[in-house]
Amino acid sequence: MAAPMEEQETSKKSRRKLLKKILRSQQTVLKRDGIETNNLCTKILCVINGGLDVGVSHDEISTIFSSHGDMEDIVMLPRKPYCFVCFAREHDAEVAMEKLNGTELPPTDHRGNPVTLYITYVSKVPQSLSPSNEFPPGLILIPDFVTEDYAGRLLSAIIWEDSANSAEQRSLKHRQVRHYGYEFKYGINDVDINDPLPNGIPPVCNDLLSDVKLKGIVNYIPDQLTVNKYEPGQGIPPHVDTPAAFEDGIMSLSLGSQVLMDFRHPDGRHLTVLLPPRSLMIMTGESRYLWSHGITPRKSDIVRMESGNLNVVKRDVRISFTFRKIIPPQERLSRILPTFNDKTSESDRDLDQEVTDLEKLEKEHVHQVYEEIADHFSGTRHTPWPRIVDFLNSQPPGALMADIGCGNGKYLGVNPSMYQIGSDRSSNLATICRDRQFQVFVGDVMTIPLKTSSMDVSICIAVIHHLSNQERRLKAIEELVRILRPGGKCLIYVWAMEQEVNKVKSKYLKEKKFEKSDSGSISSTVDCTINKNSVNVSMDGNIVKSDCMGDTDCSLISANGSETWTENDPKCNGDSEINVVRKGPSYSGGIDSSLSDTSTCKEDDCSKEMSCIKLAVHKNRTEFRQQDLLVPWERKSKSDSDKNNTSKCVFHRYYHVFMKGELEALCGKVRGCKVIGGYYDQGNWAVILEKL
Ligand SMILES: O=C(O)CCC(=O)C(=O)O
Ligand SMILES: [Fe+2]
């Protein structure tokens, strides 16, 4: 009889081990979420590893637990590894605990690995599931907005057809919906203004809508109504109603059951608002644009009673009327352009006004160069970069996107489901974009003429490295963030100082194989006081290469036409200083002195005026040895009249190439945003920012 005793001992030991494990899990997981466990038996079980975050479903928990007693509810929370199972009686909870603690669930389609359930008693479901004392800013809730009688008339105006699936009525996974005025299309998160429904908003709603307007709750009459019908246990996933599609002030009238609506801030804050029957909720401002709203699919809500005690209240059928006013698509983009009074964007500043020497440097070595090389530059920019394409394609349909410094618009057509607007400092590039049917204006990244908080997404590819000091680069990032709505995202690319990472050379360096000479990184210096920005150098070659720097496409073109271009010709960019060094006063007051190449700067001048700027002319396809430099862009042109006489124009574009971590550090100085991603991509540093 010794063996069974031993077996009992071993099973007790393993049970003790299991309990220790439970305790450890309780401490780490539950404490963090403010969940108080109970040593004594209660009616509510917290099931660790029985939550949505580990891939366990409501149905699985229901099947396992329902056979052990009379279950009242299962509370599953989004992104949580645990769930709560509420029994009608303590005894049932005790039995379930005894039988199921330590149960292993096998892998499923949603869950690659088996999971072990650890169960503990809790006396209450945590506060975050019960109504918060606070509302998200901008949320208005008016209780008893309609009478019982009027509510009844509203409800009887809605005819639900059995298992209908048409533009007017759809059975969604979690609820049924009916649309009036226009169908809200869930695939595109928008309405089609050209495809109105036969039925407008039912006339019985007119009293309510004029009351709302009279009281100044919103200053328009809505033209779209979505009626949602939720059975107990159903809900709506967290979302923000498409910002570009509807006016501010979205109204939802709750009829039937009460419900807890979840509001979530992008920074993780979570508030729950109890919507009582016959109440009108209006989402304006932050609560409409920044916080997501949703209803967790549950069969009950925790409701604070008048006594202040919390109570579990079962849900019944709830029908909500959501009224919205559509912004016509043709107005959506113009909405984001500022009016003359919109001081925040400084739109009235003259773009060509010369304020500092640095602006002069950028004017001559960035703006004027792009203006002159626009056509050829555009001819070398055709292939969108895959990671930028991925970023654009990951944006939801209907998002408003601004491409600041859009060049020839190669990213403007990537994701046609977005509303897109581009801007470039070069009017010739803007014209090229417009010829390609893109909506583009001429604008400067440091004073973007778009309204504050108007965009869902912004990108700024290969632009900020053309700004000549840190303050100006910072200002540009601030502008990119300013135009975003809270929660909006911005992707920035700049050229990297590091052109070889993990022993892999960037495309820019690799293109060196096409060249005959590669010694030295600086071919010359240019005293940046140039009034014209091109130099004619006679030459005779006729095979040319397109611009192939970190921000370009690296395609080879052969030049048989009358005008050909090359970026770097060995004949002209050897070690000797063959580029013309022009004379005149130096630029002052810029180029971060710590980063400039002092060997190109006269000592006494530097100490007087912050710095003079004698910038090194970079030799293309070589590593960077300094951060501030001029990169040559060369154009060969053959006149038709004299085929043998080919001349070359050399343009110098100013660049500040970024060192590893520099872009992130700069973004870190910008208030109201956080860096949510960063990477190295083909000789460029990239960051993704999110506006807070
Ligand atoms: O049911 C509700 O109150 C909200 C519905 C909703 O958010 C929507 O349809 O977008
Ligand atoms: Fe909504």
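**Close-up 1. The largest nonpolar core and its best-connected members.** Of the 36 residues in the largest nonpolar core, I477 and I492 are the ones that touch the most other members. This view, like those that follow, comes from a predicted model. Two or more residues of the core come from each of β21, β24, α11, β25, α14 (662-668) and β35. Helix α11 gives the most, with five residues. Let your eye settle on I477: leaving out residues up to four places away in sequence, I477 touches I464, I492, L663, L666, C667, V670 and L689. As a general background, nonpolar side chains in soluble globular proteins tend to be buried together.

**Close-up 2. An open sheet of seven strands.** Follow the strands across this sheet and you meet them in the order β23-β22-β21-β24-β25-β35-β34, with mixed pairing. At the edges are β23 (440-442) and β34 (673-681), each of which pairs on one side only. Neighbouring strands here are turned by 15° against each other on average, direction ignored. In general, strands of a sheet pair through backbone hydrogen bonds, either parallel or antiparallel.

**Close-up 3. One strand pair and the helices on the sheet.** Strand β25 (residues 484-495) pairs with strand β35 (residues 684-691) in the antiparallel sense, over seven bridges. A handy place to look is Y493, which stands opposite A686 in β35. Helix α11 (residues 470-482) packs on the sheet, where it touches β21 (400-404), β24 (455-461), β25, β34 and β35. The direction of α11 makes about 145° with that of β25. Helix α10 (residues 427-435) lies across β22 (419-424) and β23, and runs at about 165° to β23.

**Close-up 4. The iron ion and its protein donors.** Which residues hold the protein donors of the iron ion (ligand 2)? They are H239 (NE2), D241 (OD) and H293 (NE2), and they lie 2.1 to 2.2 Å from the ion. Along the sequence, these donor residues are spaced H-x1-D-x51-H. The two histidines link distant parts of the chain: H239 belongs to strand β12 (residues 236-239) and H293 to strand β17 (residues 292-295), 54 residues apart. H239 is partly exposed, with a relative accessible area of 24%, whereas H293 counts as buried at 7% relative accessibility.

**Close-up 5. Histidine H265 in its loop.** Look for H265 in the loop between β14 (259-264) and β15 (270-275). Is H265 buried or exposed? With a relative accessibility of 9%, H265 counts as buried. Setting aside neighbours within four places in sequence, H265 is in contact with L290 and W291.

**Close-up 6. The two sides of helix α5.** Within helix α5 (residues 206-214), the residues L208, L209 and V212 are buried. Seen down the axis of α5, the buried residues fall within an arc of 95°, so they line one face of the helix. A general rule helps here: an α-helix has 3.6 residues a turn, so residues three or four places apart point the same way. Turn to the other side of α5 and you will find D207 and L214 exposed. The cover over the buried residues includes α4 (148-157), β13 (250-256), β16 (280-283) and β20 (318-324). Just after α5 comes G216, which takes a positive phi of about 75°.

Note on methods
Residues are numbered from 1 along each chain as its sequence is written. Chains are lettered from A and ligands numbered from 1 in the order in which they are written. This is a predicted model: local features need pLDDT of at least 70, side-chain atom pairs count only at pLDDT 80 or more; totals for chains, interfaces and linings use all residues. Side-chain values use heavy atoms; hydrogens and water are left out. Donors are N, O and S atoms within 2.8 Å of the metal (3.2 Å for Na, K and Ca); water is not among the atoms, so sites may look incomplete. Helices (H or I, at least four residues) and strands (E, at least two) are DSSP runs, numbered from the N terminus. Buried means under 20% relative accessible area, exposed over 50%, partly exposed in between (1.4 Å probe, protein chains only). Contact means heavy atoms within 4.5 Å. Two strands pair if DSSP finds at least two bridges between them. Axes are lines fitted to C-alpha atoms, for helices over the stretch in contact, and angles run from 0 to 180 degrees between N-to-C directions. The arc is that of the directions from the helix axis to the C-beta atoms. A nonpolar core is a set of buried Ala, Val, Leu, Ile, Met, Phe, Trp, Tyr and Cys residues joined through side-chain atoms within 4.5 Å.
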